[in-house]
Amino acid sequence: MSGKFLIFGATGSIGSSLAKQLKNAGISNVHLIARNENEVKNISTNLGFNYSVADVLKDGFVEKIKKDIDEVCGIAYCVGSIDLKPLRMATEQDFNKCMKLNLYSAVDAIKGFQESLKKNKGSVVLFSTVAAQRGFTNHSIIASAKAAVEGLTVSLAAEFAPNIRVNCVAPSLTNSKIAQPMLKNKALAEGIAKAHPLKRLGEGKDSAALAKFLLTEDSSWVTGQIIAVDGGRSKLSWSIYFCDLLKHSIVFLSKQAIVIGPTPPGTGVKAFATFDTSSKATSPTIPFSILLIQTSITIASFFTQSPF
């Protein structure tokens, strides 16, 4: 296979991890692409890969890259954003910018190198999010864009077969620069981590390992797949975390109080009620059915407020 593997977003958590993993695998035909020259230059120096400075939000970025490289055997479009707003605050500009970054520029990159990819029996790896298939509050902008990326993945996989493979990685929240506004709040970060069955946030290397597999010949019989790297969030978290919450939702403190409702760190969910049971005269009688109803409301409240 001739040509270069292009990594868009090479200075991000996933893109930089992918570059390192390719280097460690003895793959040297890698070309890095990023908009921050200082950052990409440092990675280039450390790994010995060439690079281009280009902003995918600007017109003509593909032509700019083509000045530095001709033949391509793979594209990893490791570009993304975290655009969280309630719909009432979202503007058309918000949607357009998100679509441009995550979808339209990915299309431009693929179109720009399509013939070279076809010639070299290449591979394309795109990135979605767990939020594209699971509903999360305030995710209408990013979930719409990434759901479109998933649609693009299966459409192009069908259109390009058997010459170009196209697959997609769908991570949950990953420890990265763009996630820092949320993760710098320790309580919030811990709360989000605990919402995953594997009880931690993702790291760039987690998604990069799958991207490396999908980009190279190791996955030569894989195309049209959207594969989650999400700590179990998309398939398992509801049942596992539901049980975990249910276990702690009704706490009986002998001769002190009955507290209804958990208070997961960073979620803002408050206990629904505290009843003084120290005095027999004032101790209320609470039917178990009422406790279960209030517990269910608490759990529902937590999931509607959970950002991820």
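Biologist: Let's start with a helix pair. Which hand does the crossing of H1 and H9 have?

Modeller: H1 passes H9 in a right-handed crossing. Keep in mind that this is a predicted model. H1 covers residues 13-24, and the two axes come within 8 Å and cross at roughly 55°.

Biologist: How do I turn that angle into a word: are H1 and H9 parallel or oblique?

Modeller: Go by the cut-offs. Under 35 degrees would count as roughly parallel, and 65 to 115 as roughly perpendicular. The angle here is roughly 55°, so H1 and H9 are oblique to each other.

Biologist: And which residues make the contact between H1 and H9?

Modeller: From H1 you have Ser13, Ile14, Ser17, Leu18, Gln21 and Leu22. H9 brings Gly204, Lys205, Ser207, Ala208, Ala209, Ala211, Lys212 and Leu215. Sorted by class, that contact has seven nonpolar, five polar and two charged residues.

Biologist: Let's try another pair. How do the axes of H4 and H6 cross?

Modeller: Same steps. H4 runs over residues 92-112, and its axis comes within 8 Å of the H6 axis, with a crossing of roughly 20°. That angle makes H4 roughly parallel to H6, and the crossing is right-handed.

Biologist: Which residues of H4 and H6 make the contact?

Modeller: On H4, look for Asp94, Phe95, Cys98, Met99, Asn102, Leu103, Val107 and Ile110. On H6, the list includes Ile141, Ile142, Ala145, Lys146, Val149, Leu152, Leu156 and Phe160. The residues of this contact divide into 14 nonpolar, three polar and two charged.

Biologist: There's a lysine in H4 I was wondering about. Is Lys100 buried or exposed?

Modeller: For burial, look at the relative accessible area; under 20% counts as buried. Lysine 100, in helix H4, has 18%, so this lysine is buried. Not counting residues up to four places away in sequence, Lys100 touches Val56, Leu57, Asp59, Ser105 and Asp108.

Biologist: What about Tyr77: buried or exposed?

Modeller: Tyrosine 77 is buried, with a relative accessible area of 2%. This tyrosine is found in strand E4, residues 72-77. Leaving aside neighbours within four places in sequence, Tyr77 is in contact with Phe8, Val56, Leu101, Asn102, Ser105, Ala106, Val125, Leu126 and Phe127. You can also set sequence against space: Tyr77 and Ile33 are 44 residues apart in sequence and 9.6 Å apart in space, C-alpha to C-alpha.

Biologist: Can loop residues be read that way too? Say, Thr129: buried or exposed?

Modeller: You read a loop residue the same way. Threonine 129 lies in the loop between E5 and H6, and at 14% relative accessibility this threonine counts as buried. Beyond neighbours within four places, Thr129 is in contact with Lys146, Glu150, Ala170 and Pro171.

Biologist: Now the backbone. Which residues other than glycine have a positive phi?

Modeller: Two to look at are asparagine 138, with phi near 70°, and lysine 199, with phi near 60°. Asn138 lies in the loop between strand E5 (123-127) and H6, and Lys199 is in the loop between helix H8 (186-194) and helix H9 (204-215). Asn138 counts as partly exposed at 34% relative accessibility, and Lys199 is partly exposed too, at 39%.

Biologist: And where is there a cis peptide bond?

Modeller: Check omega. Between alanine 161 and proline 162 omega is about 5°, and the peptide bond is cis. Pro162 lies in the loop between helix H6 (140-160) and strand E6 (165-171).

Biologist: Let me zoom out. How many helices and strands does the chain have?

Modeller: The chain has eleven helices and ten strands. Of its 308 residues, 48% are buried. Among contacts with a separation of 6 or more, residues 24 or more positions apart account for 69%.

Biologist: Last one: where does pLDDT fall below 50?

Modeller: Begin with the whole chain, which averages a pLDDT of 84, with 76% of the residues scoring at least 70. Over residues 245-263 the pLDDT is below 50, and this stretch has 57 contacts in the model beyond near neighbours in sequence. Residues 288-293 also stay under 50, and the model has six contacts for them beyond four places in sequence. Where pLDDT is low, don't read the predicted coordinates in detail.

Conventions. Residues are numbered from 1 along each chain as its sequence is written. This is a predicted model: local features need pLDDT of at least 70, side-chain atom pairs count only at pLDDT 80 or more; totals for chains, interfaces and linings use all residues. Side-chain values use heavy atoms; hydrogens and water are left out. Helices (H or I, at least four residues) and strands (E, at least two) are DSSP runs, numbered from the N terminus. Buried means under 20% relative accessible area, exposed over 50%, partly exposed in between (1.4 Å probe, protein chains only). Axes are lines fitted to C-alpha atoms, for helices over the stretch in contact, and angles run from 0 to 180 degrees between N-to-C directions. Angles under 35 degrees count as roughly parallel, over 145 as roughly antiparallel, 65 to 115 as roughly perpendicular and the rest as oblique. A crossing is left-handed if the near helix is turned anticlockwise from the far one by less than a right angle, and right-handed if clockwise. Contact means heavy atoms within 4.5 Å. Ala, Val, Leu, Ile, Met, Phe, Trp, Tyr, Cys and Pro count as nonpolar, Asp, Glu, Lys and Arg as charged, and the others, Gly among them, as polar. pLDDT is the predictor's confidence in each residue, from 0 to 100.
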